[in-house]
Amino acid sequence: MEIRPLYGGAIQAVLPTTFLDVSDMRPVPDHQEVHIDPANDSCVIVELLDMDTEHGDGEGAIRHQFDELSSHNESHSTILLGNQVLALPTAFIPSLDGRVERYAVIGIQNIQKHRSANAPVDLVIIMMVLLRIPHITTDIVITLNIPVPPQVLATQGQVLHDAIHALTPNIILPGDNVTESFASLLQYLPQIQVFRTFLDSFKIVDWSLFR
């Protein structure tokens with residue numbers, strides 16, 4: 001694990017050293033940070049956006065972002081777990097104060113890799129967080145994509161399905177209380193803990209980034 005500077009160091013968070021900065025390999029829009037683990041194709045994406053007022057409050061905004069991602073991925077099918085948006089407590093991302101609204105969704109999309117017509121369809125778990133910061137009219141969207149390996153899906157698909165449904169929303173919240181079900185889930189999807197650590201360590205160092 002290492003502290004990873006984002007946006008030139010204006011934001012920082014902890015990621016494993018195995019995650020690579022995609023901007024070192026191809027152009028990435030200035031408002032995005034994309035970091036990928038080449039061993040399993042999971043990736044963490046951070047986006048700085050103007051505050052979305054067209055879709056109501058933060059709940060409407062994150063639903064819109066999730067739908068936009070599904071459309072961009074040309075997902076064959078999309079499930080928003082529990083069909084719910086999670087309003088998270090201020091203890092979530094502790095470096096930010098109570099002026100910041102925190103929302104999350106967890107979903108599943110069925111996506112063809114690289115959106116190629118000849119590629120097999122992967123099941124991808126999506127964990128998305130929206131940080132609404134009204135006093136700087138900014139939404140920060142943080143997304144983790146976890147492609148589930150076909151061999152895991154074939155042998156443990158129902159176990160993962162049941163565990164994710166049962167543990168939502170707890171799988172996205174930081175904490176030391178690891179149940180047997182959660183430990184079992186991490187055995188197959190360790191990226192979930194990577195995301196929890198990333199969020200728990202997420203810190204805005206230089207607020208002039210938003211000027």
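# A guided tour, starting at E59

Begin by selecting E59, which sits in helix α1, residues 58–72. Keep in mind as you go that this is a predicted model. Is E59 buried, exposed or partly exposed? Its relative accessibility is 34%, so E59 counts as partly exposed.

Now show the neighbours of E59. Leaving aside residues up to four places away in sequence, E59 touches V85 and Y103. Add A87 to the selection too: A87 lies 28 residues from E59 along the chain, and their C-alpha atoms are separated by 8.0 Å.

Next, zoom out to the whole protein. You should find four helices and eleven strands. Of the 211 residues, 48% count as buried. If you draw the contacts between residues at least 6 apart in sequence, 57% of them join residues at least 24 apart. Switch on the surface, and about 10500 Å² is exposed, with carbon and sulfur atoms supplying 51% of that area.

Time to go inside. In soluble globular proteins, nonpolar side chains tend to be buried together. Here the largest nonpolar core has 49 residues, and M127, I140, I142, F198 and F202 are those with the most contacts inside it. Colour the elements that each supply at least two residues of this core: the strands β2 (11–15), β5 (42–50), β8 (101–112), β9 (121–133) and β10 (138–147), then the helices α2 (150–167), α3 (180–188) and α4 (191–201). Which element gives the largest share of this core? That is β9, with six residues.

Stay in the core and select I140. Which residues does I140 touch, not counting those up to four places away in sequence? The list is V46, E47, L48, V129, L130, L131, I133, F202, I204 and F210.

There is also a second, separate core, made of 14 residues. To find this second core, select A61, F66, I126 and M128, which are among its members.

The last two stops are about backbone angles. Go to E74, in the loop between α1 and β6 (77–80). Phi of E74 is near 50°, a positive value in a residue other than glycine. The relative accessible area of E74 is 51%, and therefore E74 counts as exposed, the cut-off being over 50%.

Finally, select I93, in the loop between β7 (86–87) and β8. I93 is not a glycine, yet its phi is positive, at about 60°. Is I93 buried or exposed? With a relative accessible area of 0%, I93 is buried.

Technical notes
Residues are numbered from 1 along each chain as its sequence is written. This is a predicted model: local features need pLDDT of at least 70, side-chain atom pairs count only at pLDDT 80 or more; totals for chains, interfaces and linings use all residues. Side-chain values use heavy atoms; hydrogens and water are left out. A nonpolar core is a set of buried Ala, Val, Leu, Ile, Met, Phe, Trp, Tyr and Cys residues joined through side-chain atoms within 4.5 Å. Buried means under 20% relative accessible area, exposed over 50%, partly exposed in between (1.4 Å probe, protein chains only). Contact means heavy atoms within 4.5 Å. Accessible areas come from the Shrake-Rupley method with a 1.4 Å probe; for residues, only the protein chains shown count as cover.
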